[in-house]
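Open your viewer, load the model and get ready to click along. Each stop tells you what to select and what you'll find there.

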Amino acid sequence: MFPGLAHRPWHVFFRVSLQGRAPFSQRSPRLPQLCTGGVNGLWFSLPDCRVASSGLLGKVQYYSTSGSSDDGPPKPAPGDAPSAENVLSAAAKATPATAAPGNVAGPLSQGLTKAETIQVKVRAVLKKREYGAKYTQNNFITAVRAMNEFCLKPSDLENLRKIRRRSPHDDTEAFTVFLRSDVEAKALEVWGSQEALARERNLRKEVEREYQENIFRNQQLLKEYKDFWGNTKPRSGPRATFLQGPGKVVMVAICINGLNFFFKLLAWVYTGSASMFSEAIHSLADTCNQALLALGISQSVRNPDAGHPYGFTNMRYIASLISGVGIFMMGAGLSWYHGIMGLLHPAPMESLLWAYCILAGSLVSEGATLLVAVNEIKRSAQLHEVSFYEYVMQSRDPSTNVVLLEDAAAVLGVIMAAGCMGLTSLTGNPYYDSLGSLGVGTLLGSVSAFLIYTNTEALLGRSIQPERVQKLTEFLENDPAVRAIHDVKATDLGMSKVRFKAEVDFDGRVVTRSYLEKQDIDQILNEIQLVKTPEELESFMLKHGENIIDTLGAEVDRLEKELKHRNPEVRHVDLEIL
C-alpha cells in the first residue's frame with residue numbers, strides 16, 4: 001500500500017477515516033492513492049482522491065511522530081513519488097476534458113465541488129522488550145544473601161547503593177536491600193574473577209560442613225557429660241507446662257493410674273479373678289498411654305525451626321493417636337484374651353474381699369481424675385465459646401480428651417468388674433467373671449476407636465466450622481480494597497490454631513487512590529506535562545507502577561494484621577492476589 005516505505009522498519013499503525021462522505025451516486029472515479037510516510041521525521045501525506053471538478057484541491061492534514069514543531073510535509077526528493085498537490089492539480093485539469101458530451105456529468109460535477117478532509121491517526125507502539133539475565137541483575141538482594149552468596153564482608157557493602165523496601169515480616173517496618181548488579185560488581189572487584197569467587201564458595205562450603213560436624217560431635221559430648229554429672233539445666237518451661245492446663249491433668253492421671261495398677265495387680269495375684277486381671281491391664285495401659293501424652297505435651301511446646309516452620313503442635317495428636325492404638329492392642333486385646341481363656345478353661349476363685357476393697361479405692365481415685373479432666377474441659381470449652389460435647393467431639397485438646405475418656409472407661413470398667421465378680425460370688429459360676437473381662441475389653445476397644453478416629457481427622461488437617469469461615473470471609477469482603485474472595489481454606493492446625501488461605505481480587509482503583517493520597521498531586525501533574533516521547537512515558541509508568549505494586553503489598557500486610565488481631569486463633573494467613 002505504501003511502496004515508498006517498503007524498505008523502512010514499520011513501528012507505526014495508522015487508521016484512515018473520511019469525514020463528510022458524499023452520497024454514493026455523487027462519488028467520482030478513484031485515482032491511484034499516492035502517499036508518502038514514515039516514522040521519526042518521515043511524514044504521511046494522504047490526499048483525498050475524489051477530486052473536485054471545479055479545480056479546488058482536497059484539504060490534507062499532516063501528522064508527524066518526530067516531535068518536530070514544523071507542521072508540513074517534507075520536500076520530495078528527486079525521483080521520489082510525485083507530491084499530493086501535483087496529483088490533485090493534474091486530476092482537476094484532466095476531469096473536464098475526459099467528460100464526454102452527453103454523459104451524466106452534471107450530478108458528478110456537483111458532487112465533486114465539495115472538498116473533503118482525510119484524517120490520519122497515528123499511534124506509537126513501544127518496541128517489545130526482551131528480558132534476559134542482564135535485566136534480572138537489577139533485582140534486589142538482602143545483605144545476608146549478599147554476604148553468603150558472594151562471599152563479601154559487611155564493610156564491602158557500606159559504599160553500595162542502599163534501598164529501603166517494605167519488610168515481609170511483622171516485627172519490622174522496612175529493611176535495606178542492594179541491587180544485585182552492584183553486589184556482583186563488588187564481588188568481582190574483591191575476588192578478581194568468577195573463578196576465584198567460585199573457589200572461595202567451595203572453600204566456605206567445606207568449612208560449613210566441618211562446622212556442622214563439630215556441632216554434632218560437641219552435642220554428643222555434652223550429652224555424655226550431662227549423663228555422667230547430671231543435667232543442671234533449668235527446666236522452668238516444661239515444669240510450667242505440667243503445672244497447669246492439660247499437663248496438670250495428665251500428671252495427676254499418671255500418678256493415680258500407676259498406683260491403681262500396682263494394687264489391682266496384687267488383687268489379681270491373690271484372687272486369680274479374670275475381671276481383676278483385666279482391670280490391672282487397664283490401669284497399666286492407662287499409665288503407659290498417659291506417659292506418651294506427657295511426652296507429646298513436652299514436645300508440642302517447642303519453638304518452630306527451619307525444618308518445622310509451623311511448630312510441633314501436632315505432637316499432641318500423634319501421642320494421642322499412639323495412645324489410642326496402645327489401648328486397643330494392650331488393654332482391649334489382653335482383656336478379650338483373658339476373658340476367652342476364662343470361658344474355655346474356667347477356674348474357681350479365692351475370696352474376693354480384698355478385690356472389692358481395691359476396686360472401691362480404684363473407683364474413688366479414677367473418679368477424682370475424671371473430675372479433674374471434666375473441670376479442665378469445661379473451662380476450655382467456655383474459653384472457646386463452645387459446648388462441652390462439641391469440645392470433646394472436635395478433639396480441640398487431645399491430651400485432656402484421652403484422660404477424660406480413659407477415666408470414664410475406667411470408672412465404668414470398675415463398676416462392670418465389681419458387678420460380674422459379685423454375680424460370681426453369689427452363684428459360684430466363674431463364667432460371669434469372664435464375661436466381665438470381655439465387657440471391659442469391649443469398652444476399651446470403643447474408647448480406642450474413638451481416639452484413633454478423632455486424632456486421625458485432626459492430623460489430616462480438617463476445616464474449621466462453616467460459621468467461623470463465614471466470619472473471616474465477611475471481614476475481608478467488607479474491606480473497601482477487596483472486590484471478591486475466592487478459594488477460601490481455613491485449616492485447624494490443632495490447639496486452637498488456624499491457618500487461613502484465600503485468593504483475593506483487589507480493587508485496583510482503591511489501591512491506586514491509596515497510593516495517590518500519599519503523593520504530591522501537583523508534582524505528578526508536572527511530570528505528566530513533561531512527557532513528550534514514548535521513552536519518557538515508559539519511564540513515568542515504570543516509576544509509579546512499581547510504587548503502586550508496593551502499595552498493593554502494603555494492603556495485603558494490613559489485611560493480614562487486622563485479621564490476626566480480630567481473630568487471635570488465626571496464626572498463619574496466606575492471601576494470594578488474584
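How do H10 and H13 lie relative to each other, roughly parallel or roughly perpendicular? Select helix H10, residues 315–344, together with helix H13, residues 398–427. They pack at an angle of about 25 degrees, with their axes 9 Å apart. Angles under 35 degrees count as roughly parallel, so H10 and H13 are roughly parallel to each other. Keep in mind that you're looking at a predicted model.

Now show the side chains where these two helices meet. On the H10 side, pick Arg 316, Tyr 317, Ser 320, Ser 323 and Ile 327. On the H13 side, add Pro 398, Ser 399, Val 402 and Glu 406. Colour them by class and you'll get 4 nonpolar, 3 polar and 2 charged residues.

**Into the core**

Stay with H13 for a moment. The largest nonpolar core of the model holds 29 residues, and H13 gives the most to this core, with 6 residues. Other elements giving two or more residues include helix H8 (245–271), helix H9 (274–300) and helix H14 (431–459). To find the residues with the most contacts inside the core, select Val 250, Leu 293, Val 403, Leu 404 and Leu 451.

Zoom in on Val 403. What does Val 403 touch, not counting residues up to four places away in sequence? You should see Val 249, Val 250, Ala 253, Gln 290, Leu 293, Thr 369 and Ala 373 around it. There's also a second, separate core of 22 residues; Ile 485, Val 498, Ala 502 and Phe 506 are among them.

**Over to a sheet**

Next, select strands E7, E8 and E9. These 3 strands form an open sheet in the order E7-E8-E9, and the pairing is mixed. Strand E7 (482–494) and strand E9 (570–577) stand at the edges with a single partner strand each, so one side of each has no neighbour in the sheet. Going from one strand to the next, the twist averages 15 degrees.

Look closer at E7 and strand E8, residues 497–506: they run antiparallel and are joined by 9 bridges. Want one to click on? Thr 491 has Arg 499 in E8 as its bridge partner.

Then bring in helix H15, residues 466–477, which packs on the sheet and touches E7, E8 and E9. The direction of H15 makes about 145 degrees with that of E7.

**Another pair of helices**

Select helix H16 (residues 508–516) and helix H18 (residues 534–566), which pack at an angle of about 105 degrees with their axes 9 Å apart. That makes H16 and H18 roughly perpendicular to each other. From H16, the contact uses Val 511, Thr 512, Ser 514 and Tyr 515. From H18, it uses His 544, Asn 547, Ile 548, Thr 551, Leu 552 and Glu 555. Sorted by class, this contact has 4 nonpolar, 5 polar and 1 charged residues.

**A buried glutamate**

Jump to Glu 200, which is in helix H6, residues 194–229. Is Glu 200 buried or exposed? Buried means under 20% relative accessible area, and Glu 200 counts as buried because it has 17% relative accessibility. Leaving aside neighbours within four places in sequence, Glu 200 is in contact with Cys 151 and Trp 191.

**Zoom out**

Finally, show the whole chain: 18 helices and 9 strands. Of its 578 residues, 35% count as buried.

Definitions and conventions: Residues numbered from 1 in each chain as written. Predicted model: local features only at pLDDT ≥ 70, side-chain atom pairs only at ≥ 80, totals over all residues. Heavy atoms only, no water. Axes fitted to C-alpha atoms, helices over the stretch in contact; angles between N-to-C directions. Helix = DSSP H or I, 4+ residues; strand = E, 2+ residues; numbered from the N terminus. Parallel < 35°, antiparallel > 145°, perpendicular 65-115°, else oblique. Contact = heavy atoms within 4.5 Å. Nonpolar A, V, L, I, M, F, W, Y, C, P; charged D, E, K, R; others polar. Core = buried A, V, L, I, M, F, W, Y, C linked by side-chain atoms within 4.5 Å. Buried < 20%, exposed > 50% of the residue type's maximum accessible area, 1.4 Å probe, protein only. Pairing = 2+ DSSP bridges.
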